[in-house]
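Thanks for making time this morning. I would like to walk you through one model, beginning with the chain as a whole and ending with a few individual residues.

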Amino acid sequence: MAVGFVCMVAFAVALAKVTLVPSPASVPLTHTNLHPGSSIRLYFNQPDWRDTIKQVGGNVVLGVPFGFLLPVLFPRTRGFVRVVLMTAFVMLTVEIAQGLLVAGRAFDIDDVILNAAGAFLGYLVLGRRLGRALHPRRVHWWRPRTGSADEPARDAAVKKSRNHWVWAWRTRDARRTAGIKTTAMTKIKKMTRKQPAPKRLRERIPALLRAKRP
């Protein structure tokens with residue numbers, strides 16, 4: 001954790017130097033891009049492939065440390081989706097600051113996309129393993145894991161989660177069954193009110209026959 005914190009501070013300083021340093025000479029060349037994929041197409045359509053690698057690869061590499069460091073320092077951000085969203089949020093803030101405050105810099109949505117892609121690659125390569133090595137795995141109710149003998153807390157959490165959802169399902173089924181029984185009893189009562197019961201008919205028939213005899 002200490003090494004990860006030091007690396008995060010160093011990365012923040014490097015990120016500030018790369019993205020927030022003014023460049024007055026680039027003012028005539030910069031323009032805001034709000035259309036995803038527009039700048040990426042320009043990078044690949046230009047004849048100088050070295051500049052393409054520099055622009056695209058640089059933005060991807062700039063996002064890779066997020067995939068390494070976020071799962072280590074912030075356990076709640078573990079997961080592909082969370083790492084990508086957190087990286088996109090941070091880099092979106094940086095891009096907005098570039099466009100509003102820094103001379104020679106402009107907002108480019110494609111830079112955010114490439115940075116998020118780099119964070120995804122970093123998490124896939126190393127960040128996932130580091131997060132699991134330093135922090136216990138999260139327990140999901142839909143895929144409980146059987147813990148070992150030296151992990152009673154995890155076993156208790158899995159059992160509690162499973163029991164909760166079993167209770168919810170049984171309660172739902174019990175309510176449905178009670179509703180079906182109530183509806184059936186109501187229909188039977190209505191039918192018996194309209195027509196006499198068979199037992200009553202059997203008791204009245206002999207009396208009617210005796211009354212008709214001379």
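What follows is a short tour of the helices, of how they pack against each other, and of some residues that sit in them.

Please keep in mind throughout that this is a predicted model, and that the values I quote are computed from it.

Let me start with the overall inventory. The protein chain contains seven helices and zero strands, so that when I read the elements from the N terminus on, I get α-α-α-α-α-α-α. The chain has 214 residues, and 25% of them count as buried. The exposed area of the protein chain is about 15,700 Å², with carbon and sulfur atoms supplying 66% of it. On contact order, if we take the contacts with a separation of 6 or more, then residues 24 or more positions apart account for 72% of them.

Now to the packing, where I will use the usual description: two packed helices are characterised by the angle between their axes and by the distance between the axes.

The pair I want to begin with is helix α3, which covers residues 49–73, and helix α5, which covers residues 109–134; these two pack at an angle of about 30°, and their axes are 5 Å apart. Because angles under 35 degrees count as roughly parallel, α3 is described as roughly parallel to α5. The crossing of α3 past α5 is right-handed, and the residues of this contact divide into 15 nonpolar, eight polar and one charged.

How does α3 stand relative to helix α4, at what angle and with what distance between the axes? Helix α4 spans residues 80–101, and α3 packs with it at an angle of about 125°, the axes being 10 Å apart. The two are therefore oblique to each other, and here too the crossing is right-handed. On the α3 side the contact involves L62, F66, G67, L70 and P71, which meet V83, M86, T87, V90 and M91 in α4. Sorted by class, that contact has eight nonpolar, two polar and no charged residues.

The last helix pair is α2 with α5, whose axes come within 7 Å and cross at roughly 80°. Since 65 to 115 degrees is the range for roughly perpendicular, that is the term that applies to α2 and α5. In this contact S38, S39, I40 and Y43 in α2 meet D110, D111 and L114 in α5, and by class the residues are three nonpolar, two polar and two charged.

That brings me to single residues, and I will stay with α2 for a moment, taking its two serines from the contact I just described. S38 is in helix α2, and with a relative accessible area of 23% it is partly exposed. Leaving aside neighbours within four places in sequence, S38 is in contact with N33 and D110. From S38 to D110 the separation is 72 residues in sequence, whereas their C-alpha atoms are 7.4 Å apart in space.

Is S39, by contrast, buried or exposed? S39 lies in helix α2, residues 38–45, and because its relative accessibility is 5%, S39 counts as buried. Not counting residues up to four places away in sequence, S39 touches N33, D108 and D110.

D108 comes up again when we move to α4, where E95 has its place. At 3% relative accessibility E95 counts as buried, and, with residues up to four places away in sequence left out, E95 touches A106, F107, D108, D111 and V112. Of these, D111 is also one of the α5 residues that meet α2. There is a further long sequence separation to mention here, in that E95 and L20 are 75 residues apart along the chain, with a C-alpha to C-alpha distance of 9.1 Å.

Finally, back to α3, for a residue at the other end of the accessibility scale. K54 lies in helix α3, and at 63% relative accessibility K54 counts as exposed. Its C-alpha atom is separated by 9.5 Å from that of Y43, with their positions 11 residues apart along the chain.

That is the tour, and I am happy to go back to any of these helices or residues.

Note on methods
Residues numbered from 1 in each chain as written. Predicted model: local features only at pLDDT ≥ 70, side-chain atom pairs only at ≥ 80, totals over all residues. Heavy atoms only, no water. Axes fitted to C-alpha atoms, helices over the stretch in contact; angles between N-to-C directions. Helix = DSSP H or I, 4+ residues; strand = E, 2+ residues; numbered from the N terminus. Parallel < 35°, antiparallel > 145°, perpendicular 65-115°, else oblique. Left-handed = near helix turned anticlockwise from the far one by under 90°. Nonpolar A, V, L, I, M, F, W, Y, C, P; charged D, E, K, R; others polar. Buried < 20%, exposed > 50% of the residue type's maximum accessible area, 1.4 Å probe, protein only. Contact = heavy atoms within 4.5 Å. Areas by Shrake-Rupley, 256 points an atom, 1.4 Å probe, with all protein chains shown as cover.
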